Amino acid sequence: MTRITHHPSDALLLSHAAGRLPAGLSLVVAVHVERCARCAAYVGALEAAGGLLLEETPPVAMHSQALGRLMAALDAAPADAPAPAPSQGPPPLPQGEVWPSALAGSQIAAWRWIGSGMHYSRVRLAGDDAVTVFLLRLAPGKYLPQHAHHGREFTQVLCGGFHDGRAQFHAGDFDAPGRGVHHLPVVQSAGECVCLTAVQGRLQFDSVYGRLLGQLAGLR
């Protein structure tokens, strides 16, 4: 098994454990935590500490009419409210690979061709929070054109690997390039590379080809 060398920062793991991240960004961190024993132990310790703090917090009296208001709100809820859309099973992965269980509640579209050896799949979560979540599946030697970010971008490598001019990322690694970072991820593994990425804001591609590819994949 490839050793994981790139992890979310302690501050980012704390934000994830405290529920302070948007759902799309938190999903990518959750997938990393699921596959990284070190980060799972750290998040577990944070959650345990948070539970102890809650136990030590003095109780606060509720408003005398709180229960009545809650019951009235439940009675007023429409009886014919639409049922949530069933989750869609994920598309196939390269042979031998398994989807993370953290994606089980997501709606994952079928692979969409966006270029030779390049496929894209949109991931939708309940309560979309303006964070674009998607999967990229690239063949060896393929690359995502050089780009920068107006917001945060989190990437978790599910299989394969790439180098973006800053570092090499293998299966299990996590990347969170800062704003203004220009990078060009190129697949350097022997097999396909599949990544889960969440983008807050939009990507700024440097080339016309990159902008066209971004439009095709909905990454504007």
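Me: Which residues does Cys 193 touch, not counting those up to four places away in sequence?
Reply: Glad to start there: this is a predicted model, where local features need pLDDT of at least 70 and side-chain atom pairs count only at pLDDT 80 or more, while totals for chains, interfaces and linings use all residues. Residues are numbered from 1 along each chain as its sequence is written, and side-chain values use heavy atoms, leaving out hydrogens and water. With contact taken as heavy atoms within 4.5 Å, Cys 193 touches Leu 136, Arg 137, Leu 138, Val 157, Cys 159, Gly 160, Gly 161, Phe 162 and Val 187.

Me: Which strand holds Cys 193?
Reply: Elements here are DSSP runs numbered from the N terminus, with helices (H or I) of at least four residues and strands (E) of at least two. On that basis, Cys 193 is found in β11.

Me: Is Cys 193 buried or exposed?
Reply: Relative accessible area decides this: under 20% is buried, over 50% exposed, and in between partly exposed (1.4 Å probe, protein chains only). Cys 193 has a value of 3%, so this residue is buried.

Me: How far apart are the C-alpha atoms of Cys 193 and Met 118?
Reply: Along the chain, these two residues are 75 residues apart. In space, their C-alpha atoms are separated by 9.9 Å.

Me: Which element gives the largest share of the largest nonpolar core?
Reply: Such a core is a set of buried Ala, Val, Leu, Ile, Met, Phe, Trp, Tyr and Cys residues joined through side-chain atoms within 4.5 Å. This one has 29 residues, and Val 29 and Leu 196 are among those that touch the most other members. Elements giving two or more residues include α2 (23-35), β4 (131-138) and β11 (193-200). The largest share, six residues, comes from α2.

Me: How far apart are the end C-alpha atoms of α2?
Reply: The expected span of a helix is 1.5 Å times one less than its number of residues. For the 13 residues of α2 that gives 18 Å, which agrees with the end C-alpha separation of 19 Å.

Me: What volume does the largest cavity have?
Reply: On a 1 Å grid over the protein atoms alone, a cavity is a set of points where a 1.4 Å probe fits but cannot get out, and lining residues have an atom within 4 Å of a point. The largest one is lined by 17 residues, with Leu 136, Leu 144, Thr 155, Pro 185 and Thr 197 nearest its centre. Grid points are joined across faces, edges and corners, and volume is the space filled by probe spheres set on them. For the largest cavity, this comes to about 200 Å³.

Terms used:
On a 1 Å grid over the protein atoms alone, a cavity is a set of points where a 1.4 Å probe fits but cannot get out, and a pocket is an open set with protein on both sides within 12 Å along at least five of seven lines; lining residues have an atom within 4 Å of a point.
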